[in-house]
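Student: Hi! Could you walk me through this structure?
Tutor: Happy to. Let's look at it together.

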Amino acid sequence: QVQLVESGGGSVQPGGSLRLSCAASGSIFSISVMRWYRQAPGKQREWVAEIGSGGVANYGDSVKGRFTISRDNAKNTVYLRMNSLKPEDTAVYYCSLQIPLNAYVSRDYWGQGIQVTVSS
């Protein structure tokens, strides 16, 4: 069973920075696709960023140029560096791990979520 534990959240003023971490248990991390999502109160969960097993990263339009996703396979950890934070970035942030079970089916695991609040 894979477990994901997020850390690094908290409160910050607009324009500030935070770095989220997500540590995964198990031995499958290096072959997985790692993603960050977020969910603000009253809104649907939003995809934020992802990074493949080869290190290729993609970002949602709302965070492109401000957030950076990275991974350290030796530490089974994915990071989300968030710069130039805005009040609208306030949300619970979740990391997810996706592994392929076969050519057609994959499985997703989720962390418990961590609060990020951007406010003056």
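Student: Where does Tyr104 lie?
Tutor: This is a predicted model, and in it Tyr104 sits in the loop between strand 9 (91-100) and strand 10 (106-110).

Student: Is Tyr104 buried or exposed?
Tutor: Exposed: its relative accessibility is 80%, and the cut-off for that class is over 50%.

Student: Which residues form a nonpolar patch on the surface?
Tutor: Tyr104 does so together with Leu101 and Val105, and the accessible area of the three comes to about 380 Å².

Student: New topic, the open sheet. What's the strand order?
Tutor: The order is 1-3-8-7, four strands with antiparallel pairing. Strand 1 (4-7) and strand 7 (67-72) are at the edges with a single partner strand each, so each has one side without a neighbour in the sheet. On average, neighbouring strands are turned by 15 degrees against each other, direction ignored.

Student: How many bridges join strand 1 to strand 3?
Tutor: Four, with strand 3 covering residues 18-24. In this pairing, Ser7 stands opposite Ser21.

Student: And at the other edge, how many bridges are there between strand 7 and strand 8?
Tutor: Six, again in the antiparallel sense, with strand 8 spanning residues 77-82. Phe67 has Met82 as its bridge partner there. The two strands form a hairpin with four residues between them, and Asn76 in the turn has a positive phi of about 50 degrees.

Student: Which residues are on the covered face of strand 7?
Tutor: Phe67, Ile69 and Arg71, while Thr68, Ser70 and Asp72 make up the uncovered face. In a regular strand, side chains alternate between the two faces of the sheet.

How values were computed. Residues are numbered from 1 along each chain as its sequence is written. This is a predicted model: local features need pLDDT of at least 70, side-chain atom pairs count only at pLDDT 80 or more; totals for chains, interfaces and linings use all residues. Side-chain values use heavy atoms; hydrogens and water are left out. Two strands pair if DSSP finds at least two bridges between them. Axes are lines fitted to C-alpha atoms, for helices over the stretch in contact, and angles run from 0 to 180 degrees between N-to-C directions. Patches are made of residues with over 30% relative accessible area and no salt bridge: like charges are joined within 9 Å, nonpolar side chains (Val, Leu, Ile, Met, Phe, Trp, Tyr) within 5 Å. Accessible areas come from the Shrake-Rupley method with a 1.4 Å probe; for residues, only the protein chains shown count as cover. A salt bridge is a side-chain nitrogen of Lys or Arg within 4 Å of a carboxyl oxygen of Asp or Glu. Buried means under 20% relative accessible area, exposed over 50%, partly exposed in between (1.4 Å probe, protein chains only).
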